[in-house]
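Morning, everyone. I have one structure today and a handful of details to walk through.

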Amino acid sequence: MSELDLFKEKILQGDATSLQTQIIDHIHFTLGKDRYTATKRDLFFAVAYTIRDHLVDGWIKTQQQYYEKDVKRVYYLSMEFLMGRTLQNSLVNLNLWENCKKAVRDLGYDIDFLVEIEADAGLGNGGLGRLAACFLDSMATLGIPGYGYGIRYDYGIFTQKIIHGNQFETPDNWLRYGNPWEICRAEYLYPVQFYGRVVKYTDSSGKLRCEWVDTQEVMAMAYDNPIPGYNNNTVNTLRLWQARSPRGFDLSYFNHGDYIRAVEEVTLKENISKILYPNDNVFEGKELRLKQEYFLVSATIQDIIRRYTKGHIHLDALPDKVAIQLNDTHPALAIAEMMRLLMDREELSWEKAWQLTRDTFAYTNHTLLPEALERWSVPLLENLLPRHLEIIYEINARWLQEVNRHYPGDLEKQRALSIVEESEPKKINMAHLAIVGSHKVNGVSALHSDLLKQHLFKPFWEMENAKFTNKTNGITPRRWLKVCNPPLARLITDKLTDKWATDLYDLKRLNSYADDASFRQEWDLIKRENKVHLAKIIFSEHEISVDPDSLFDCHVKRIHEYKRQLLNIMRVIHTYFQIKDNPNKEWIPRTVIFSGKAAPGYFIAKKIIKLITSVANVINHDALVSQYLKIVFLENYRVSLAERIIPAADLSEQISTAGTEASGTGNMKFTLNGALTIGTLDGANIEILEEVGADNIFIFGLKIEEVEKLRKEGYQPWDYYSKDPALKRVVDAIRDGLFSAGDHDLFKPIVSSLLEWGDHYLLFADFHSYVNSQEQVSALYKNRETWIRKSIYNVASVGKFSSDRTIQEYAKEIWRL
């Protein structure tokens, strides 16, 4: 054993005493503090650096092993990675939680307090970014050589403040105190070009060559974050790029006293990685967003080729050693960038470059909303990325030749299958580019994948049906049970052993405990303790007192019309009237918990938040109704808040209009933590129904074929409004100012969206069914023993929804590992 190995063995002991020594050393040597000057934040950083030391040893060994074995690597490209906090997750995956807890306790602190000090790494808007984080965890746990590639945004998803019931946004300066987990890799610094022009020339061998010249350069600097697998000594990498100016400020301006001008160029270039774009599911073709997307893919593809060529002389084996997964359309420019580098830099022929590119890339689609698909204008691309536009035109021309061979003379087919849309101005359909340039295309739930084939991408599926597949999303059980709900995880482990943490199907054995009265009692007690904890958070942050014995009814996700938080608050208003009308009825007390962010420019979504908070203000101050019904809007929804809400939930609201939600993963997280689901037959709800059984879930509303039929026949929301007195009473109350102190204009846009603008997401059509289903929920909750049994059945049936299963399917059927 070398001296270095002996040193590592000595300092990297995982017992509590050794951890304590390492923490004290970091306070002294890394932070330059002593016990008199160290703050609580210093202690958090010292603990984080200590755990990072343990990660780094496995990190280096993992990467060495990948090189020695010359493995095929998976590169997951995503504009978003919603990682949340790292400390607790790392401690659990390294099996150091208990020892670190003791080490910190012996220093006079509570580990839970330190966990709360850490800022959420909120580099994503919601499900897309959180899925990417789960996939990284699963790849590391399965020992798959996986790398995440994204952007190191200075500011993540905005911090939401609710002031007088309205959403306000403030910057999320998550790097204010630094990030103890990352390591800057300054040696991996790549130039990323913009603007300029393309020069064509014939080389000495008579081949036509292209050179992209007179460009503006931005440098991409790598920051690596360790991603530990669960209890397996594998540590993978999330590499995030930060934009840097290729040189310092212009000294000539500085010397003449123009200090602002001197640093202006630096600031403009480094703006590329400043802020995460908020998502409102409506594509807006902003130049900065396009720059961000190209910045990510250019640095990443350069890095991938560098790593590949370290061990391979020829590029022929690229698809055998590299698999690139595009997480939605945002990184689709990687296809054009790979072609540019293979042809212009590596001097491959078009045919060879295209074969390597197509065999390397795969594309995941995440949306069914046509308005959310990226379509970049040709003039913008021509100005910003002229060489890439040429390549995309050539890809399209050759693709349309292939289309014409399949459908001779069929101009309609060519139009439908073209990457270039003949609009004014012309646009490049990035989803079409991703499909044409990939060897596999997948949706993220069975329904979503079917709808892609039958509607959104039907012409492509008809022409290349073998290319399309389904990979139902999943969640990591480490983060979403073991980390966020330790009491329930311990109870399950006591009965089943820890096998479930890496084989979620093992939870099926819980079914045999559903009839065990003492087990049910423990199960119920854990749920109540989680609810008590959440109730304390609610009171601390919002001064609203809620009853832990009430039914905790949770609707937490991005605020969007298709997710139908508006339908939920309409149901709440209906319940409010029912209690008013029938005060002597035996009501089941409920606490309805909303949380989620609306995109800053999404007017109606922000109005819905205002309506929710306004209804809450009326109901929570009503002496009669508030005995049975409380409404809470928890501000600034984020991963760490979800980890508090989800374990406490009794009911999970998954009520999107059928055919709008690609999959959803919140539904899986709630199910894993013992909540029952009320939902439509949309996204992964359908597969949850198949797994848990119809008796253990509340399904309501129109099915996808009924939605299509209703819209085709001509949906008339006025008919529902005029024929349903309960619905009319709710809408009239909103319109007439009952929840806005008599202000008839405040919620007029919401009422107009329903009555005048066509109720696009069919709230009126599903209202009656939703109300009836909620009555079934209340009736079941009266029988606690039956409710607890169903809660256990839900957890026992969630095995399919592990991201480990999803990644295994990607590895076998798409990445061909």
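I will go through two sheets, some helices, a covered strand and one buried arginine.

A word of caution before the details: this is a predicted model.

Let's begin with the parallel sheet. It is open and has six strands, paired in parallel. The order reads 21-20-19-22-23-24. Which strands stand at the edges? Strand 21, residues 629–634, and strand 24, residues 698–699. Each has a single partner strand, so one side of each is left without a neighbour in the sheet.

Look at the strand 21 end. Strand 20 covers residues 590–595, and six bridges join it to strand 21. The two run parallel. For a landmark, find Thr-591: Lys-630 in strand 21 stands opposite.

Now the helices on this sheet. Helix 24, residues 603–620, packs there and touches strand 20 and strand 21. Its direction makes about 145° with that of strand 21. Helix 22, residues 517–542, lies across three strands: strand 19, at 551–556, strand 20 and strand 21. Helix 22 runs at about 70° to strand 21.

Stay with helix 22. It has 26 residues. From first C-alpha to last it reaches 37 Å, close to the 38 Å expected at 1.5 Å a residue. Which of its residues are buried? Among them are Phe-519, Trp-523, Ile-526, Leu-534, Ile-537 and Ile-538. The buried list also includes Arg-520, Lys-527, Asn-530 and Lys-531. Just after the helix, Glu-543 takes a positive phi of about 55°.

Next, Arg-564. Where is it found? In the loop between strand 19 and helix 23, which covers 565–581. Is this arginine buried or exposed? Its relative accessibility is 0%, so Arg-564 counts as buried. Leaving out residues up to four places away in sequence, Arg-564 touches His-555, Ile-655, Ser-656 and Thr-657, among others. Its contacts also include Thr-680, Phe-700, Tyr-761, Leu-762, Leu-763 and Asp-766.

Let's move towards the N terminus. Helix 2 is residues 16–30, and helix 3 is residues 40–69. Their axes come within 8 Å and cross at roughly 115°. The crossing is right-handed. Who meets whom? Helix 2 brings Leu-19, Gln-22, Ile-23, His-26, Ile-27 and Thr-30. On the helix 3 side, the contact includes Leu-43, Ala-46, Val-47, Tyr-49 and Asp-53. Overall, the residues of this contact divide into eight nonpolar, five polar and one charged.

Now strand 4, residues 146–151. How many of its residues are buried? Six of six. Both faces are covered. Gly-146, Gly-148 and Gly-150 lie on one side, with Tyr-147, Tyr-149 and Ile-151 on the other.

Strand 4 pairs with strand 1, residues 73–77, in the parallel sense over four bridges. There, Val-74 has Gly-146 as its bridge partner. Five bridges join strand 4 to strand 11, residues 235–244, again running parallel. In that pairing, Tyr-149 is partnered by Arg-239.

Last stop: the antiparallel sheet. This one is open, with three strands in the order 14-16-15. Strand 14, at 375–377, and strand 15, at 420–421, are the edge strands, and each pairs on one side only. Strand 15 pairs with strand 16, residues 427–429, over two bridges in the antiparallel sense. One bridge to find on screen: Val-420 with Ile-428 in strand 16.

That's my tour. Over to you.

Technical notes:
Residues are numbered from 1 along each chain as its sequence is written. This is a predicted model: local features need pLDDT of at least 70, side-chain atom pairs count only at pLDDT 80 or more; totals for chains, interfaces and linings use all residues. Side-chain values use heavy atoms; hydrogens and water are left out. Two strands pair if DSSP finds at least two bridges between them. Contact means heavy atoms within 4.5 Å. Axes are lines fitted to C-alpha atoms, for helices over the stretch in contact, and angles run from 0 to 180 degrees between N-to-C directions. A crossing is left-handed if the near helix is turned anticlockwise from the far one by less than a right angle, and right-handed if clockwise. Ala, Val, Leu, Ile, Met, Phe, Trp, Tyr, Cys and Pro count as nonpolar, Asp, Glu, Lys and Arg as charged, and the others, Gly among them, as polar. The expected span of a helix is 1.5 Å times one less than its number of residues. Buried means under 20% relative accessible area, exposed over 50%, partly exposed in between (1.4 Å probe, protein chains only).
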